[in-house]
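Student: Could you take me through this structure, beginning with the overall fold and then moving to individual residues?

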Amino acid sequence: MVNSSWTRSHITNIWKIPERTKRVYPPCDTSALQMLPLERPTTPPVLISVAQFRPEKAHGLQLEAFALALQKLDPDFPKPKIQFVGSCRNKEDLDRLQKLKDRSTELHIDELVEFHKDISYRDLVQFLGGAIAGLHSMTDEHFGISVVEYMAAGAIPIAHKSAGPMMDIVLDEDGHQTGFLASEKEEFTEAIIKVLRMPESGRQEMAAAARKRAQRFSDQRFHQDFTETVRPILSAREG
C-alpha cells in the first residue's frame, strides 16, 4: 500500500509490481474543520502556514514570497498578515524558527508576521478558521495532510507544485478550481496576490470546492479503501 499517486509511481519504478501496488490515501479527520464557516473576517486578510519547523518545509520561501507580495500590493490595499504555526523537535528547529523571526525583522515585515509554536489542536482549528489561504512549500511531499486540512477548513491552498498536492489533492472538483500550485518564489507571490484580490463571492466559491474535495480523504474513505485492499489477502488465507 502507498499513500499517494506520486509514491505509487516511485514504488512501481523500483519494485515493478504495479498490479500489487495499491494506493490508499491516509485518513484525514477533518470533521471539526468542515464545520467552520466559509465566511470569515478579511480585515486584515490572514494567511496561514502549518508545518513543523523542519528544513524541508521551506518556511523561508513562504516568508520571502509574502514579503514580495506586500511590495506588489497597492499602498491602500489592506495589509495582510501571515501566521506560521508549527512544532519544534529539537534545538535545530528552535534555531530555524529564530532565524525566520530575524529574517522577518530584516525584511521590515515583523509586525505582519506571527509565529505560534506547539499550540493545541483547538487553537489550530481557530487559526485555520480565520485564514483565507494556507501555504505549503515542501518539494515532493508524498501526500500533504496539511493541504487537506486547509481545504477542509475553508482556507484556499497555495501548495508546492509537486508530488501529493499536485497529483492528488489540489485538483478541480466538479469543474471548479480548488486552489493554486507554485514552485518558485514569484509563483507563490502571484498566487498570494490572486487570493488577496479575489472578490468575496469568488473566494467562498473556491473555498467551497476545496472543502468538497477534502472529503475524498476522510476517515471513512480510508476505511473503505484499506478494507478493499486487504480483503483479497484475507480471503486467500481463509481459503
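Tutor: The discussion below goes from the whole chain to one helix and then to particular residues. Please keep in mind that this is a predicted model.

Student: How many helices and strands are there in the protein chain?

Tutor: The protein chain has 10 helices and six strands. Its radius of gyration is 19 Å, close to the 18 Å that the globule rule gives for 239 residues, so the chain is as compact as a globular protein of that length. Along the principal axes, the C-alpha atoms fill a box of roughly 70 × 40 × 30 Å.

Student: What share of the residues counts as buried?

Tutor: Of the 239 residues, 48% count as buried. The accessible surface of the chain comes to about 12,300 Å², and carbon and sulfur atoms contribute 52% of that surface.

Student: And what about contacts between residues 24 or more positions apart?

Tutor: Such pairs account for 71% of the contacts in the chain with a separation of 6 or more.

Student: How far apart are the mean positions of the positive and negative charges?

Tutor: There are 31 positive and 34 negative charges, and their mean positions are 4 Å apart.

Student: Let us turn to helix α1. Which of its residues are buried?

Tutor: Helix α1 covers residues 5-15, and its buried residues are Ser5, Thr7 and Ile11. Seen down the axis of α1, these buried residues fall within an arc of 155°, so they line one face of the helix.

Student: What covers them?

Tutor: The cover over the buried residues of α1 includes α7, residues 163-169. As for the backbone, α1 is followed by lysine 16, which has a positive phi near 60°.

Student: Which other residues have a positive phi without being a glycine?

Tutor: Alanine 163 is one of them, with a phi of about 45°, and aspartate 174 is another, with a phi of about 55°.

Student: Where are they, and is each buried or exposed?

Tutor: Alanine 163 lies in helix α7 and is buried, with a relative accessible area of 2%. Aspartate 174 sits in the loop between α7 and β6 (180-182). At 54% relative accessibility, aspartate 174 counts as exposed.

Student: Staying with α7, what does proline 165 touch?

Tutor: Proline 165 belongs to helix α7 and is buried, with a relative accessible area of 0%. Setting aside neighbours within four places in sequence, proline 165 is in contact with His136, Glu141, Phe143, Val147, Ala159, His160, Val170 and Leu181. The C-alpha atoms of proline 165 and leucine 181 are separated by 8.1 Å, with their positions 16 residues apart along the chain.

Student: And serine 162: buried or exposed?

Tutor: Serine 162 counts as buried, at 7% relative accessibility. Serine 162 lies in the loop between β5 (156-160) and α7.

Student: What does that serine 162 touch?

Tutor: Not counting residues up to four places away in sequence, serine 162 touches Met138, Thr139 and Asp140. Its C-alpha atom is separated by 9.4 Å from that of serine 137, a residue 25 positions away along the chain.

Student: One last topic: which peptide bond is cis, with omega near 0°?

Tutor: The bond from threonine 43 to proline 44 is cis. Proline 44 is found in the loop between α2 (31-34) and β1 (46-50).

Methods. Residues numbered from 1 in each chain as written. Predicted model: local features only at pLDDT ≥ 70, side-chain atom pairs only at ≥ 80, totals over all residues. Heavy atoms only, no water. Helix = DSSP H or I, 4+ residues; strand = E, 2+ residues; numbered from the N terminus. Rg over C-alpha atoms; globule rule 2.2 N^0.38 Å. Buried < 20%, exposed > 50% of the residue type's maximum accessible area, 1.4 Å probe, protein only. Contact = heavy atoms within 4.5 Å. Areas by Shrake-Rupley, 256 points an atom, 1.4 Å probe, with all protein chains shown as cover. Lys, Arg positive; Asp, Glu negative; His and termini not counted. Charge placed at Lys NZ, Arg CZ, Asp CG, Glu CD. Arc of directions from axis to C-beta.
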